[in-house]
Amino acid sequence: MYSVRKKFRYSAEIAAFALIFVIILSLFNGDAVPAGSFGEDYGINLILDPGHGGEDGGATSPSGLRESEVNLDIALRTQLILAMFGVPVTMTRETEAIEYPAEATTIRAKKVADQRARLELVKSLDNAVLISIHQNYYGDKKPCGAETLYAPTEVSKEFALNMQ
């Protein structure tokens, strides 16, 4: 029998490999991509966003594992594997710690500041493809499975359908 933490780790590994597979298939359309040429040849900037972090831990498992930790684990594993394919990745965060502006004194203000900083990062890159990783929790057992949100464009919808 596995502990909740081990189940999350195994789930994180499976999610990371599945995410990488979908990213590569969706963005490359099956074409072979020479190592290191992703950004130059395709003009795409891939951004991985491990949701939450800092003061905002997101959902918490019964054992106390924070969603932000699982999200970060999946994102870091995904970044490492994509690096083996020569795919550069920009991360919105690489640790649990987040630096907030001095004027952000409440948790709400810190969350807003963090979301603005992430948005500015995305806006600063041309042709950004943002993948924000989250683990949702519902007290009701009816909702289940993966959830993919996308921008109201055909390209975004197609990518989301491939993710599903």
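The expected span of a helix is 1.5 Å times one less than its number of residues. The exercises below use this rule and a few others on a predicted model.

**Exercise 1. Check the spans of helices H3 and H4 against the expected value.**

Step 1. Take H4, residues 107–124. H4 holds 18 residues.
Step 2. Apply the rule. The expected span is 26 Å at 1.5 Å a residue.
Step 3. Compare. From first C-alpha to last, H4 reaches 26 Å, close to expectation.
Step 4. Repeat for H3, residues 67–84. H3 has 18 residues and reaches 26 Å, close to the 26 Å expected.
Step 5. Look just past the end of H3. Gly 86 takes a positive phi of about 75° there.

**Exercise 2. Lay out the fold along the sequence.**

Step 1. Count the elements. The protein has five helices and three strands.
Step 2. Read them in order. The pattern is α-α-β-α-β-α-β-α.
Step 3. Look at contacts between residues at least 6 apart in sequence. Of these, 68% join residues at least 24 apart.
Step 4. Add burial. Buried residues make up 35% of the 164 residues.

**Exercise 3. Work out the strand order of the sheet and find its edges.**

Step 1. Start from strand E1, residues 45–50. Three bridges join E1 to E2, and the two run parallel.
Step 2. Pick out partners on that side. Leu 46 stands opposite Val 89 in E2. Leu 48 stands opposite Met 91 in E2.
Step 3. Turn to E3. E1 and E3 pair in the parallel sense over six bridges.
Step 4. Pick out partners here too. Ile 47 has Leu 130 of E3 as its bridge partner. Asp 49 stands opposite Ser 132 in E3.
Step 5. Assemble the sheet. The three strands form an open sheet in the order E2-E1-E3, with parallel pairing.
Step 6. Name the edges. They are E2 (89–91) and E3 (128–133), each pairing on one side only.
Step 7. Add the twist. It averages 25° from one strand to the next.

**Exercise 4. Describe how the sheet is covered, and which helices lie across the strands.**

Step 1. Place H3. This helix lies across E1, E2 and E3, at about 155° to E1.
Step 2. Place H4. This helix also lies across E1, E2 and E3, at about 170° to E1.
Step 3. Check burial in E1. Five of its six residues are buried, and the strand is mostly covered.
Step 4. Check E3. Its side chains alternate. Val 129, Ile 131 and Ile 133 point to one face and are buried. Ala 128, Leu 130 and Ser 132 point to the other and are not buried.
Step 5. List the buried residues of H4. They are Lys 110, Ala 113, Asp 114, Arg 118 and Val 122. What covers them includes E1 and E3.
Step 6. Do the same for H3. Its buried residues include Val 70, Leu 72, Ile 74, Ile 81 and Leu 82. Polar side chains are listed as well, among them Asn 71, Thr 78 and Gln 79.

**Exercise 5. Decide what is unpaired about Glu 67.**

Step 1. Locate the residue. Glu 67 is in helix H3.
Step 2. Establish its setting. Glu 67 is buried yet has no salt bridge.
Step 3. Apply the cut-off. A salt bridge needs a side-chain nitrogen of Lys or Arg within 4 Å of a carboxyl oxygen. The nearest side chain of opposite charge, Arg 93, is 8.1 Å away.
Step 4. List the contacts, leaving aside neighbours within four places in sequence. They are His 52, Gly 57, Gly 58, Ala 59, His 134 and Gln 135.

**Exercise 6. Classify three loop residues as buried or exposed.**

Step 1. Set the cut-offs. Buried means under 20% relative accessible area, and exposed means over 50%.
Step 2. Take His 52, in the loop between E1 and H3. Its relative accessible area is 19%, so His 52 is buried. Its phi is near 70°, a positive value in a residue other than glycine.
Step 3. Take Asn 127, in the loop between H4 and E3. Its relative accessible area is 53%, so Asn 127 is exposed. Its phi is near 50°, again positive in a residue other than glycine.
Step 4. Take Ala 146, in the loop between E3 and helix H5 (154–163). Its relative accessible area is 63%, so Ala 146 is exposed.
Step 5. Relate Ala 146 to Met 163. They are 17 residues apart in sequence and 9.1 Å apart in space, C-alpha to C-alpha.

Key:
Residues are numbered from 1 along each chain as its sequence is written. This is a predicted model: local features need pLDDT of at least 70, side-chain atom pairs count only at pLDDT 80 or more; totals for chains, interfaces and linings use all residues. Side-chain values use heavy atoms; hydrogens and water are left out. Two strands pair if DSSP finds at least two bridges between them. Helices (H or I, at least four residues) and strands (E, at least two) are DSSP runs, numbered from the N terminus. Axes are lines fitted to C-alpha atoms, for helices over the stretch in contact, and angles run from 0 to 180 degrees between N-to-C directions. Contact means heavy atoms within 4.5 Å. Buried means under 20% relative accessible area, exposed over 50%, partly exposed in between (1.4 Å probe, protein chains only). Lys and Arg count as positive and Asp and Glu as negative; His and the chain ends are not counted.
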